[in-house]
Amino acid sequence: MMISTSRAPFLFVFTLMMFAASRHAVVESFAPAIVIEVARRPTTLSYQEGPSAEQQIIVVDTSKATHIDDFNHETILNNTLSLPVLIDCYTDKCGPCKLIERSLQEALPKFISPDGDESRPRLQFVKWDAETTERSKQFMSILREHEMTFRKLPTLLLFIDGVPMNLKSGMSSAAAIDRFLEEYLPDGEGKGRERRPRVGPKGALGVSTRKMNR
């Protein structure tokens with residue numbers, strides 16, 4: 001059959017369109033498989049690091065603790081709630097004294113009621129700057145009277161009923177402070193087990209508390 005030359009361009013274009021349509025149909029026939037393959041790829045999950053509400057650690061701001069001296073030591077040691085008193089003995093120049101702050105912040109919430117908690121605290125926490133000897137003569141006389149001496153800082157002093165009962169010297173972890181308090185607090189796991197601390201010949205800052213301010 002003879003094809004008119006005037007219709008030849010039209011047939012050529014029509015042939016190209018049919019060929020393109022057939023290739024498009026082939027691609028579409030494979031499209032669902034491609035989509036499924038992509039959908040089956042592993043999904044990457046993003047998350048925000050940090051403790052959850054259940055994992056958050058409650059801490060006590062020890063920097064706001066009351067400092068004990070001759071002006072308030074009787075009120076603190078013989079407080080109206082008859083609470084044991086834990087005293088953090090330190091100096092500003094003492095490196096380990098700064099390190100133990102974190103341990104105290106983590107250990108104390110168990111023994112001191114957090115804000116909003118109306119339960120009775122188990123102890124009162126205060127600090128004593130061992131360099132303020134001029135403002136602490138009466139307080140130090142109590143230590144001398146009970147032969148409560150210590151050789152290094154930081155030192156934690158535990159007073160019960162106004163009397164120094166036990167001490168813990170040196171850097172301590174939060175767990176170690178917890179064990180110390182649970183062992184010697186009247187309501188602790190050790191039920192206030194009696195123990196007299198080792199009395200050394202020299203006290204804080206290498207000075208014997210027996211000879212202080214006599």
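These legends walk through several close-up views of a predicted model.

**View 1. The whole chain, for orientation.**
Before zooming in, here's the overall layout: five helices and five strands, running α-β-α-β-α-β-α-β-β-α from the N terminus. The chain has 214 residues, and 37% of them are buried. If you take the contacts between residues at least 6 apart in sequence, 65% join residues at least 24 apart. The accessible surface adds up to about 14,400 Å², with carbon and sulfur atoms accounting for 56% of that.

**View 2. The five-stranded sheet.**
Here the strands line up in the order β1-β3-β2-β4-β5, forming an open sheet with mixed pairing. β1 (66-67) and β5 (163-169) sit at the edges with a single partner strand each, so one side of each has no neighbour in the sheet. As a reminder, strands of a sheet pair through backbone hydrogen bonds, either parallel or antiparallel.

**View 3. β3 and its two parallel partners.**
Zoom in on β3 and you'll find β1 running parallel to it, joined by two bridges. On that side, Thr66 has Val126 as its bridge partner, while His67 stands opposite Lys127. β2 is also parallel to β3, this time with six bridges, and Leu86 of that pairing faces Phe125. How many of the six residues of β3 are buried? Five are, so the strand is largely enclosed by the rest of the structure.

**View 4. A lysine over a tyrosine ring.**
Stay with Lys127 for a moment: its charged end sits over the ring of Tyr90, 4.6 Å from the ring centre. Lys127 is also the residue that His67 stands opposite in the sheet.

**View 5. The β4-β5 hairpin.**
β4 and β5 pair in the antiparallel sense, with six bridges between them. One of the matched positions is Leu157, whose bridge partner in β5 is Leu167. Two residues lie between the strands of this hairpin, and Asp161 takes a positive phi near 55°.

**View 6. The largest nonpolar core.**
This core holds 22 residues, and the ones with the most contacts inside it are Ile68, Ile87, Trp128, Phe139, Phe150, Leu157 and Phe159. At least two core residues come from each of α2 (73-77), β2 (85-90), β3 (124-129), α4 (137-145) and β4 (155-160). Which residues does Leu157 contact, leaving aside its neighbours within four places in sequence? The list is Val85, Leu86, Ile87, Cys89, Phe139, Leu143, Met148, Phe150, Asn166 and Leu167.

**View 7. The aromatic cluster.**
Trp128, Phe139 and Phe159 are linked into a cluster by ring pairs. The structure holds three aromatic pairs. If you're setting up your own analysis, a pair of aromatic rings is described by the distance of the centres and the angle of the planes.

**View 8. Helix α3 and the second core.**
The buried residues of α3 (residues 95-107) are Cys97, Ile100, Glu101, Ser103, Leu104, Gln105 and Ala107. An α-helix has 3.6 residues a turn, so residues three or four places apart point the same way. What covers the buried residues of α3? The cover includes β2, β3, β4 and α5 (174-184). Leu104 also belongs to a second, separate core of 19 residues, along with Ala174, Ile177 and Leu181 among others.

Key:
Residues are numbered from 1 along each chain as its sequence is written. This is a predicted model: local features need pLDDT of at least 70, side-chain atom pairs count only at pLDDT 80 or more; totals for chains, interfaces and linings use all residues. Side-chain values use heavy atoms; hydrogens and water are left out. Helices (H or I, at least four residues) and strands (E, at least two) are DSSP runs, numbered from the N terminus. Buried means under 20% relative accessible area, exposed over 50%, partly exposed in between (1.4 Å probe, protein chains only). Contact means heavy atoms within 4.5 Å. Accessible areas come from the Shrake-Rupley method with a 1.4 Å probe; for residues, only the protein chains shown count as cover. A nonpolar core is a set of buried Ala, Val, Leu, Ile, Met, Phe, Trp, Tyr and Cys residues joined through side-chain atoms within 4.5 Å. Rings of Phe, Tyr and Trp (its six-membered ring) pair if their centres lie within 6.5 Å; planes under 30 degrees apart count as stacked, over 60 as edge-to-face and the rest as tilted. A charge sits over a ring if NZ of Lys or CZ of Arg is within 6 Å of the ring centre and within 35 degrees of the ring normal. Two strands pair if DSSP finds at least two bridges between them.
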